[in-house]
There are 2 protein chains.
Amino acid sequence: MYLKSPIISAIIKTVNIWRDKGMSDNSISIAVIKRLPKYHRYLRDLINNDVERISSKELSDIIGFTASQIRQDLNNFGGFGQQGYGYDVANLYAEINSILGLEKEYNIAIVGAGNLGQALANYSNFNNFGYKLRGIFEINPRLVGLKMADVEVYDVDLLEKFVKNNDIDIVFICTGAGSAQKIVDRLEKTDIKAIWNFAPVDVKVSNDIEVQNVHLIDKLLTLTYFIKDK
Amino acid sequence: MYLKSPIISAIIKTVNIWRDKGMSDNSISIAVIKRLPKYHRYLRDLINNDVERISSKELSDIIGFTASQIRQDLNNFGGFGQQGYGYDVANLYAEINSILGLEKEYNIAIVGAGNLGQALANYSNFNNFGYKLRGIFEINPRLVGLKMADVEVYDVDLLEKFVKNNDIDIVFICTGAGSAQKIVDRLEKTDIKAIWNFAPVDVKVSNDIEVQNVHLIDKLLTLTYFIKDK
DNA sequence: TAGATTGTTAATCGATTAACAATC
DNA sequence: TAGATTGTTAATCGATTAACAATC
């Protein structure tokens, strides 16, 4: 091992200062991203109630985050407010809508036409947000050929071909635990961008498809923790 | 304002040290509680795969938390492991099952027999975990009187009486956004312990009923944030 | 016993909150 | 202009990770 020269030491120190300040990685914290949908929802409500401007303090009172956190969060993306005035509600909503990527439309397919698959197919909110359901896939031949929420149910064997021909962006997995990973393995070879999995297992991909494993029951279990001794 | 005596100052200092060490509040961090269902799920899988013992390092490899975090998490509740050996899987599962309050059974009612209500009613996992569905409530007269997952659909007017007579512990709200808070206001006057709300609004209570507002779409929106530029 | 692995303290890291100068 | 409120830096808080003595 050789001794570092003063110059090298100074450079290393500078790099470390950069690092400390997060300048080598300016990606936004996941904690912030997870709060964005709540901002989106509350701002939409404000628009529906004809509120035109709001201060971080007022927003804090209704959304439950501190005013300081709200200003910190928003300033990750830009200075959307105005000193002495606050934020223009419609403008702020549009900004967050854009940050979340909701200006585009996304083509959706659902795999699994059971109760949950049907519930998601019929949940009109998705459609309103720009998620367009193009096809539902099912292994049970009795369901194939039916229509749900105006969308046809196809044999799951046709999945890859359909995904390709219809530029599917996101697939919702509503199968049982046993087949979820198998479907994901098949989807990994396609060009889809994201998987939203409701089967009660954590599915994994080896490429850069975004995966969100939803475990509905988890929130019920934590709820139970808090009431068990009531 | 009067000057504090040295003795009073010393006491205040001691109290503050207590506070700093968290000795005045030994409740377990919410971050830990939220991880418990995942431990529960993975340990169940291990049991099903006939794994009898596991070290924090091995568990770390499959569950994705660091070994250090796993040991910290578990030691909030007790020393469940053994030096040089690791953890007994069946025993650890039983402990976490107990911590979550899953040794008891809970009586459930669902309000709203639409697609999501039906999907939850038919989701057998809840039943396996000890959540016993006793009644479904609906405003639409065409659905009242039907059976879903072997459970009768009642007129929503009967909700309070049924909750009382059947010792309902937890109510799942599967109504639209407009009626969710109204149902919650009615439930607030009953003896239920928790509300699991799927309507796309944040419902609030003024007493000590535990409330979990689930916004399915939130995870889809954060997913979209990560794929918008793909 | 020696090796392995926990339980637990200490160090680090990151997120939240507080404070205030800038400025509309 | 004066008051209000942001944008942003600094301080605090809490959660995660590292380290290691205890011990099976």
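**Notebook: sheets, helices and the interface of chains A and B**

I started with the sheet of chain A, where seven strands form an open sheet of mixed pairing, in the order E6-E7-E5-E4-E8-E9-E10. I noted the edges next: strand E6 (147-148) and strand E10 (210-213) of chain A each have a single partner strand, so one side of each has no neighbour in the sheet. The model I am reading is predicted.

I followed the E6 edge of chain A inward. E6(A) is joined by two bridges to strand E7 (residues 151-155) of chain A, and the two run antiparallel. For A:Met148 I looked up the bridge partner in E7(A) and found A:Val151.

Then I looked at what lies across this sheet. Helix H9 (residues 177-187) of chain A lies across strand E4 (106-111), strand E8 (170-173) and strand E9 (194-197) of chain A. Its direction is at about 165° to E8(A). Which strands of chain A does helix H10 of chain B lie across? I listed E4, strand E5 (131-138), E8, E9 and E10 of chain A for H10 (residues 216-227) of chain B, which runs at about 165° to E10(A).

I turned to the sheet of chain B. Seven strands form an open sheet here, ordered E6-E7-E5-E4-E8-E9-E10, and the pairing is mixed. Strand E6 (147-148) and E10 of chain B are at the edges with a single partner strand each, so each has one side without a neighbour in the sheet. Inside the sheet, I checked strand E4 (residues 106-111) and strand E5 (residues 131-138) of chain B, which pair in the parallel sense over six bridges. B:Ala109 is the residue opposite B:Gly135 of E5(B).

Helix H10 (residues 216-227) of chain A packs on this sheet and touches E4, E5, E8, E9 and E10 of chain B, with its direction at about 165° to that of E10(B). I also recorded helix H9 (residues 177-187) of chain B, which packs on the sheet by touching E4, E8 and E9 of chain B. The direction of H9(B) makes about 165° with that of E8(B).

Next came the interface. I have 61 residues of chain B in contact with 61 residues of chain A. Between them the two chains bury about 5400 Å², of which 66% is on carbon and sulfur atoms. I found 26 residue pairs in polar contact across the interface of chain B and chain A, with both residues at pLDDT 80 or more.

Which elements of chain B supply at least two residues each to the side that touches chain A? My list holds helix H2 (30-48), helix H5 (89-99), helix H6 (115-122), helix H7 (124-128), strand E8 (170-173), strand E9 (194-197), strand E10 (210-213) and H10. The largest share, 12 residues, comes from H10(B). By residue type, this side of chain B divides into 35 nonpolar, 12 polar and 14 charged.

Last, I went through the salt bridges. The count over all chains is 14, and between chain B and chain A it is four. I looked up A:Arg41 and found its side chain in a salt bridge with that of B:Asp202 at 3.3 Å, N to O. A:Arg41 also forms a salt bridge with B:Asp218, with the closest N and O atoms 3.1 Å apart. B:Asp218 is in helix H10 of chain B and A:Arg41 is in helix H2 (residues 30-48) of chain A, so this pair joins two chains.

Notes:
Residues numbered from 1 in each chain as written. Chains lettered and ligands numbered in written order. Predicted model: local features only at pLDDT ≥ 70, side-chain atom pairs only at ≥ 80, totals over all residues. Heavy atoms only, no water. Pairing = 2+ DSSP bridges. Helix = DSSP H or I, 4+ residues; strand = E, 2+ residues; numbered from the N terminus. Contact = heavy atoms within 4.5 Å. Axes fitted to C-alpha atoms, helices over the stretch in contact; angles between N-to-C directions. Buried area = accessible area lost by both parts, 1.4 Å probe. Polar contact = N/O pair within 3.5 Å; in protein donor to acceptor, adjacent residues only side chain to side chain. Nonpolar A, V, L, I, M, F, W, Y, C, P; charged D, E, K, R; others polar.
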